[in-house]
Protein chains: 2
Amino acid sequence: MMLKQIGEFGFIDKISKGCLIRPDNIIRAIGDDAAAFTVASDQVSLITTDLLVERIHFIRKSISGFDLGHKSLAVNLSDIAAMGGQAREAFVSIGIPLTCPLDYLKAVYDGMKHLAEKFNVNILGGDTTRSEVDLIINVVVYGTAAKNRLLCRDAAEPGDIIFSTGYLGDSKAGLYLILNNLPVDSTEMQALYRAHVLPQPHLREGRFLADQSGIRAAIDVSDGLSSDLGHITEQSAVGATIYATQIPISDSLQTFCAAYGFDPLEYALGGGEDYILLCTAAPQHADEIEQNFQRQFKRPLFRIGKTTADHRLEVVYANGTSRAISPRGWDHFKKN
Amino acid sequence: MMLKQIGEFGFIDKISKGCLIRPDNIIRAIGDDAAAFTVASDQVSLITTDLLVERIHFIRKSISGFDLGHKSLAVNLSDIAAMGGQAREAFVSIGIPLTCPLDYLKAVYDGMKHLAEKFNVNILGGDTTRSEVDLIINVVVYGTAAKNRLLCRDAAEPGDIIFSTGYLGDSKAGLYLILNNLPVDSTEMQALYRAHVLPQPHLREGRFLADQSGIRAAIDVSDGLSSDLGHITEQSAVGATIYATQIPISDSLQTFCAAYGFDPLEYALGGGEDYILLCTAAPQHADEIEQNFQRQFKRPLFRIGKTTADHRLEVVYANGTSRAISPRGWDHFKKN
C-alpha cells in the first residue's frame with residue numbers, strides 16, 4: 001500500500017499508536033500545535049537534533065525500515081547520553097517521496113518505537129510531509145540532567161584519564177561488510193553488522209558516569225575516536241595521548257581485519273558511528289570509577305590514555321614510537 | 001564561494017555568530033553534544049518542529065535565502081503562538097546540496113536570525129549535513145507557557161465566539177503572484193507578496209490571548225481557515241458557523257481578486273499559510289477580549305463566527321443561505 005491511498009492524516013493516525021509510553025508530566029502529545037510537558041525544577045533541559053538524508057546517510061535499498069528508524073533515534077539518544085542525561089521526548093520530522101512504500105515507513109516507526117520503549121522515551125510530535133526524491137528523517141530528542149551533573153566537552157584538565165565505554169571500530173567494519181556485499185554469516189560478522197545498523201546508545205552508561213566523583217568531560221563517538229576526542233581536547237584546551245595497546249578492539253573486529261587485511265587500530269581510531277562514550281576523569285578517581293563501572297555493567301570501562309598540557313593529539317605504540325593524529329575526522333563538505 | 005571550500009566546521013563557525021542573543025538560563029549553546037538550559041519551575045515546556053523541503057515547500061530560484069530562513073522559523077514560532085507560549089530556543093537542521101552557494105545559505109541564517117532577534121529567540125543548536133539534490137531545512141522551537149494559560153485545540157465549547165487575529169487569504173494571493181510571475185509593483189500587491197514570504201508569527205497576540213479570561217481553544221492558520229478551524233471543532237467535538245460578511249479580507253486581497261477575477265471569500269476560507277491565530281472564547285467574555293485586543297494592538301480582533309453543538313462546519317452568506325465547508329484542507333499525499 002502506498003501513502004497516497006491513506007493520506008497524510010491517515011498516516012499520522014497509523015503511526016501515532018504506541019508513541020506515548022510514559023504519560024507522566026505530558027500535557028499535550030501528538031495532535032496540537034506543539035507538544036506540552038512539565039519538567040522537574042531541579043533539572044536542566046537538553047535538546048539535540050540529527051538529520052538523516054537518503055543517499056547521504058543511508059541507501060534505502062541497503063537498510064531495513066526498522067534499522068533506519070532505530071538508527072535515526074539512536075544517534076540522538078547517544079548525544080543525550082554524552083551529556084549524562086535522561087532522554088525523555090522525541091520528535092520526528094519525515095519527508096516522504098511518493099515512491100516509498102507504506103510498509104517501509106511503518107517499519108521506520110516500529111524501529112524508533114522499539115528503541116524509544118527500551119529507554120522510556122515518548123515520541124511526542126513531529127512533522128509529516130512530502131519529499132521529491134529522497135527520504136528525509138530529522139529526529140529531535142529532549143532530555144534532562146541533574147543541574148550539577150552535566151557532562152560537557154570543555155571540562156577536561158591536563159592529566160585526566162581518558163576512558164571509553166565500549167569497543168571502537170566495529171561500526172566501520174559493519175559498514176564495510178554492507179557496502180561490499182560481504183557475507184554476514186558468522187557470529188563475529190553479525191556482531192559488526194549489528195554494531196553498524198543497530199547501535200545501542202550508552203544512556204545508562206552516561207548517567208552512571210555523570211554520577212561518579214571525578215568525571216570531567218564526555219562526548220559520544222559519532223565521527224571517530226580521533227575526531228571526537230579532538231573536540232574534547234580543542235574545547236578543553238588540552239592535548240591527549242592514546243596508547244595503541246589499550247584501545248578496545250573487539251574479537252569480531254580482529255577476525256574481520258585478519259580476514260580482509262586491515263589494521264584494527266586504524267579502524268578503531270578513524271571509524272565513526274560507534275556511539276559509545278569517551279570521557280575524562282581526574283586521575284585520583286580513575287580506579288574507583290573503573291571498579292564501579294565494572295560492578296554496575298559487568299564489563300570493563302576501557303582506560304585508553306590521558307590528557308596532556310600541550311595541545312597535541314598523539315597515539316603511542318607498543319614499541320614506544322608515537323604519531324600525531326588529526327583531530328578532525330569526517331567533514332560532510334570536504335573530501336575526507 | 002561554495003561550501004566545500006570552507007567545509008562543515010568552517011560553515012558552522014560562520015553561521016554561529018549572532019545566534020545567542022539571550023544568554024540568561026543558557027548553560028550550553030552550539031558546540032556540545034546537546035544544548036542545555038534551565039526552565040522556570042512554573043512554566044510548561046513546549047516543542048514544535050517543521051520540515052521544509054525544496055521543490056515541495058519552496059522553489060529555490062523563486063525565494064531569496066533571507067525569506068526562506070525567515071519562513072522556516074516563522075512557521076514554528078506560529079505554532080508556539082497558537083499555544084499561547086513564549087518562544088525561546090530554536091534548533092536548525094540543514095541538508096545542503098553541493099550546488100547551493102554559500103551566500104544563499106548565509107542569507108538563510110540571516111533571515112532566521114533577524115526574526116529570532118525580533119522575538120528574543122536563541123538559535124541554540126542544530127545539525128549541518130549534505131543532501132544529494134534538495135535543500136532541506138528542519139526547524140525546532142522550544143518555548144514555555146504559564147501552567148494554567150495553555151491554549152489547546154480541544155477546549156472549545158458550543159456557543160463560543162470564534163475570533164481571528166488577522167486577515168485571511170493574503171498569503172495565498174501572494175503565492176499566486178509568485179507562481180505566475182505577476183507584477184508586484186503596487187502597495188497592495190507588495191503586501192500580499194510579503195504576507196506569503198515574510199509571515200509575521202502572532203506570538204504577542206497568542207500570549208495576550210492566553211492571559212485573557214474566557215479564552216478557550218486556539219490554533220494557527222497554516223493549512224487554511226476551514227481546515228484549521230476543522231481541527232478545533234473535531235478535537236473539541238463541536239461544530240462551527242462562520243459568517244461570510246465577517247471574515248476579515250484585506251483591501252489588498254479585494255484589489256487582487258478584482259484584478260484577477262477570484263472570489264475573496266474562497267481565498268480567505270481555503271488559503272493556507274496565513275499564520276494568524278484563530279481562537280474561541282466564552283461569549284460573556286467576548287466583548288471585553290475584543291476591546292482589550294484593540295487597545296493593546298491598535299487593530300481589531302475579528303469576530304468571525306461561533307461554535308455550535310452539532311458537528312457541522314458551515315459558512316453563512318449575507319443572503320441567509322449557508323454551505324457546508326470541508327474540515328480538512330491540505331493533505332501532502334492526496335490530490336488537494
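**Exercise 1. The symmetry of the pair**

What rotation, and how much shift along its axis, superposes chain B on chain A? Work out how the copies are related and which residue of chain B comes closest to the axis.

*Solution.* Keep in mind that this is a predicted model. Start with the scores: the predictor gives the complex an ipTM of 0.93 and a pTM of 0.94. Chain A averages a pLDDT of 92, with 97% of its residues at 70 or above.

Now the superposition. Turn chain B by 180° with 0.0 Å of shift along the axis and it lands on chain A, with an RMSD of 0.0 Å. The two copies are therefore related as by a two-fold rotation axis. Of the residues in chain B, B:Ser41 comes closest to that axis, its C-alpha being 2.5 Å away.

**Exercise 2. The contact between the chains**

Find how many residues each chain puts into the contact, and decide whether the copies meet through the same surface.

*Solution.* First, count: 61 residues come from chain B and 62 from chain A. On the chain B side, strand β3 (residues 43-53) gives the most, with nine residues. By type, that side of chain B splits into 27 nonpolar, 16 polar and 18 charged residues.

Next, compare the two sides. Since 100% of the interface residues of chain B are also interface residues in chain A, the copies meet through the same surface.

Finally, look for strands that pair across the contact. β3 of chain A and β2 (residues 35-37) of chain B do so, antiparallel, over three bridges. In chain A, Leu46 is one to click on: A:Leu46 stands opposite B:Ala36.

**Exercise 3. The two sides of a helix**

Sort residues of α8 (residues 251-260) of chain A into buried ones and exposed ones on the face turned away.

*Solution.* The buried set is A:Ser252, A:Leu253 and A:Phe256. These residues span an arc of only 95° around the axis, so they sit on the same side of α8(A). That fits the usual helix arithmetic: at 3.6 residues a turn, residues three or four places apart point the same way.

On the face turned away from the buried side you'll find the exposed residues A:Asp251, A:Gln254 and A:Ala258. What covers the buried residues? The cover includes α4 (170-179), α5 (187-197) and α9 (264-270) of chain A. Right after the helix, A:Gly261 has a positive phi, near 75°.

**Exercise 4. A strand and its partners**

Which strands of chain A are joined to β12 by bridges, and which residues make up its covered face?

*Solution.* Begin with the faces of β12 (residues 313-316) of chain A: A:Leu313 and A:Val315 are covered, while A:Glu314 and A:Val316 are uncovered.

Then take the partners one by one. β9 (residues 239-243) runs parallel to β12(A), joined by four bridges, and A:Thr241 stands opposite A:Glu314. β13 (residues 322-324) runs antiparallel to β12(A), joined by three bridges, with A:Ala324 opposite A:Glu314. The hairpin of β12(A) and β13(A) has five residues between its strands, and A:Gly320 there takes a positive phi near 95°.

**Exercise 5. Two positive phi values**

Are A:Asn120 and A:Glu273 buried or exposed?

*Solution.* Most residues other than glycine have a negative phi. A:Asn120 has a positive phi of about 60° though it is not a glycine, and A:Glu273, not a glycine either, also has a positive phi of about 60°.

Place them: A:Asn120 is in the loop between α3 (102-118) and β5 (122-130), and A:Glu273 is in the loop between α9 and β10 (277-281).

Now count neighbours. A:Asn120 has 12 C-beta neighbours inside 10 Å and so counts as exposed. A:Glu273 has 23 other C-beta atoms within 10 Å, so A:Glu273 is buried.

Note on methods:
Residues numbered from 1 in each chain as written. Chains lettered and ligands numbered in written order. Predicted model: local features only at pLDDT ≥ 70, side-chain atom pairs only at ≥ 80, totals over all residues. Least-squares fit on C-alpha atoms with pLDDT ≥ 70 in both. Contact = placed C-beta atoms within 7 Å. pLDDT = per-residue confidence, 0-100. Nonpolar A, V, L, I, M, F, W, Y, C, P; charged D, E, K, R; others polar. Pairing = 2+ DSSP bridges. Buried ≥ 20, exposed ≤ 12 C-beta atoms within 10 Å, placed from the backbone. Arc of directions from axis to C-beta.
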